[in-house]
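Reader: I am in my first year and would like a close look at a single part of this structure. Please take the sheet that carries the most detail and walk me through it slowly.

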Amino acid sequence: IPVDPFDLVIFGGTGDLARRKILPGLFRRYCSGQMPETAQIVGAARSDMDDAGYREMVAEAIREFGGGRACEDGTLDAFLARVGYVAVDAKGEGGWADLKGRLRDDAVRAFYFSVAPSLFGDIAERLQSFGLATPASRIVVEKPFGNDLATAQALNATLARHFDEHQIYRIDHYLGKETVQNLMAVRFGNMLFEPLWNAQYVDHIQITVAETVGVGGRGSYYDKSGAMRDMVQNHLMQLLCLIAMEPPARFEPDAVRDEKLKVIRALDPVDPHHIVRGQYEASAGDGGYREHAENPRSTTESFVALKCHVSNWRWAGTPFYLRTGKRLRARTSEIVVVFKDAPHSIFGAESGRHRNVLAIRLQPNEGMTLDVTIKEPGPGGMRLVDVPLDMTFAKALGPEAADVPDAYERLIMDVIRGNQTLFMRGDEVEAAWAWTDPIIAGWQKRGEVPKPYESGSSGPEDALMLMHRDGRKWRDIR
Ligand code: NAD
């Protein structure tokens, strides 16, 4: 369904994120017929460039990062005709009047802040003072949203001086993933899971976001942040919320976000013995974390694993294990719900231990599997075996189903539609920092140094022990 006509201004329109994700994503939506012919995209950044120069840059970005989407001849040109550029100084006066002249009164107006957070306040202020923002305009802000509670509060306060909360779209692209929304469909659209979705039937939950890449060229930026701030406080926390939240009364922005907020507020402080930090070592032919961060004494973690508890009636006593890291064995993001053992095995101890496991895979191959215990076929007696019921979209719904929009595409279209359901509210972000801050402060106070781990492994040995001690096991990173 095409969205309403819109003017989308991308501040930082020449930057890495715009070229890799935002512009190719918009092009794919255009190819899918979701973007109205009257849509307008305006890049706004520091570089001096005209419309033609920017279109060339956009075309190149689409060719490089567009995922080879086959579009009919002429489609790229038709898309580029919708694209323009204005050089704007976020901290000065230059370009703002020109940019205002490009905007139409009868179109949805959205401003994407794809720039460093230090510029958010300057841009928000100028959008108002130069008269570009209307009460119906939307702003989209990128991560990182603060570096701790105090900076997140300051950022929220700055934005709130110029925009109402219903105009602010804080992106966490994990929420734009098809599987994440499917998780809500599975939980709240079926009778099968929700009655079992609690401490009585669930043994534990694991959330893993593993990357194979190191910090690469972002080393010095990353070194100020680390896995806890860069991944856990936002992405893993959002996934935890969707898994643990109560059913909202409606699938509407504030109903959903109220429930997510309650989960974060119900999180217990984490016991320092229940956290493992790691730093990847050099591997054959490549440096380790400290080389990449250009900081030989860095104590920033490129890996973190922790156990936490959501203290409410539904989850009392059920551990949630989270882990994320760089330079791990495989690139995989997965939420795993491990159900408890059947209370009594009529097949005897020799039939082994069998558990239902629901694995929700965000990447690669978005989809879900549910391990179910059945009898191994054949005459060998009552031998039990676990087989996965496979809900990979492409298998169940045909190959077109695998061609799902990228998270950014979906989220940008949600901005145009004015749907905030998959965006973080200011209080959620602050609550997540309020939980994260004492963990980081504890490391600093105790002078803790991350454990080294081998590149291409599953992280430090201690992370495996975190679960072994509880008689549990991480699912393999594969
Ligand atoms: P970048 O450095 O590649 O691009 C920065 C952009 O900001 C450029 O277009 C530049 O011209 C513009 N800019 C800088 N100063 C300006 C000024 N004074 N006035 C006007 N424009 C100015 O950065 P990026 O990697 O594209 O990241 C942008 C934002 O997105 C950051 O907040 C970053 O944390 C976030 N982010 C990036 C990625 C990514 O993969 N690159 C992923 C998640 C979040």
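Author: What follows goes through one sheet strand by strand, then its helices, and ends with the rest of the chain.

This is a predicted model. Its protein chain has an average pLDDT of 94, and 97% of the residues score at least 70. For the complex, the predictor gives an ipTM of 0.98 and a pTM of 0.95.

Start with the strand order. The sheet is open and has 9 strands, which read across as β14-β13-β12-β11-β7-β10-β9-β8-β15, with mixed pairing. The edges are β14, residues 384-390, and β15, residues 451-453, and each of these pairs on one side only. Averaged over the sheet, neighbouring strands are turned by 20° against each other, direction ignored.

Now take β7, which covers residues 202-210. On one side it pairs with β10, residues 319-325, in the parallel sense, and 6 bridges connect the two. Within this stretch Ala210 stands opposite Gly325 of β10. On the other side β7 is joined to β11 by 8 bridges, and these two strands run antiparallel. Here His204 is found opposite Val338 of β11. The mixed pairing of the sheet can thus be seen at β7, with a parallel partner in β10 and an antiparallel partner in β11.

Move one step along, to β11. This strand is also joined to β12, residues 357-363, by 6 bridges, and the pair runs antiparallel. Ser333 has Gln363 in β12 as its bridge partner. Of the 8 residues of β11, 7 are buried, so the strand is largely enclosed by the rest of the structure.

Next come the helices that pack on the sheet. Helix α9, residues 227-244, touches β7, β9 (303-309), β10 and β11 (332-339). The direction of α9 makes about 140° with that of β10. Helix α15, residues 461-468, lies across β8 (275-280), β9, β10 and β15, and runs at about 155° to β8.

One residue of α9 deserves a separate look. His235 lies in this helix, and the "active site" annotation in an unreviewed UniProt entry covers His235. With 20 other C-beta atoms within 10 Å, His235 counts as buried, because the cut-off is 20 or more. Leaving out residues up to four places away in sequence, His235 touches Asp172, Tyr174 and Val209.

It remains to place the sheet within the chain. The chain is divided into domain 1, residues 6-142, and domain 2, residues 175-404 and 425-468. The C-alpha centres of these domains lie 34 Å apart.

There is also an open sheet of 6 strands, in the order β3-β2-β1-β4-β5-β6, where the pairing is parallel. Its edges are β3 (83-87) and β6 (168-170), each with a single partner strand, so one side of each is left without a neighbour in the sheet. The twist here averages 20° from one strand to the next. Strand β1, residues 6-11, pairs with β2, residues 40-45, in the parallel sense over 5 bridges, and the bridge partner of Val9 is Val42 in β2. Helix α5, residues 120-129, lies across β1, β4 (108-113) and β5 (138-141), at about 155° to β4.

Definitions and conventions
Residues are numbered from 1 along each chain as its sequence is written. This is a predicted model: local features need pLDDT of at least 70, side-chain atom pairs count only at pLDDT 80 or more; totals for chains, interfaces and linings use all residues. Two strands pair if DSSP finds at least two bridges between them. Helices (H or I, at least four residues) and strands (E, at least two) are DSSP runs, numbered from the N terminus. Axes are lines fitted to C-alpha atoms, for helices over the stretch in contact, and angles run from 0 to 180 degrees between N-to-C directions. Two residues are in contact if their C-beta atoms, placed from the backbone, lie within 7 Å. pLDDT is the predictor's confidence in each residue, from 0 to 100. Domain bounds come from an automatic or database domain assignment. A residue is buried if 20 or more other C-beta atoms lie within 10 Å of its own, exposed if 12 or fewer, and partly exposed in between; C-beta atoms are placed from the backbone. UniProt positions are given in the numbering used here, feature names are shortened, and annotations may be inferred rather than shown by experiment.
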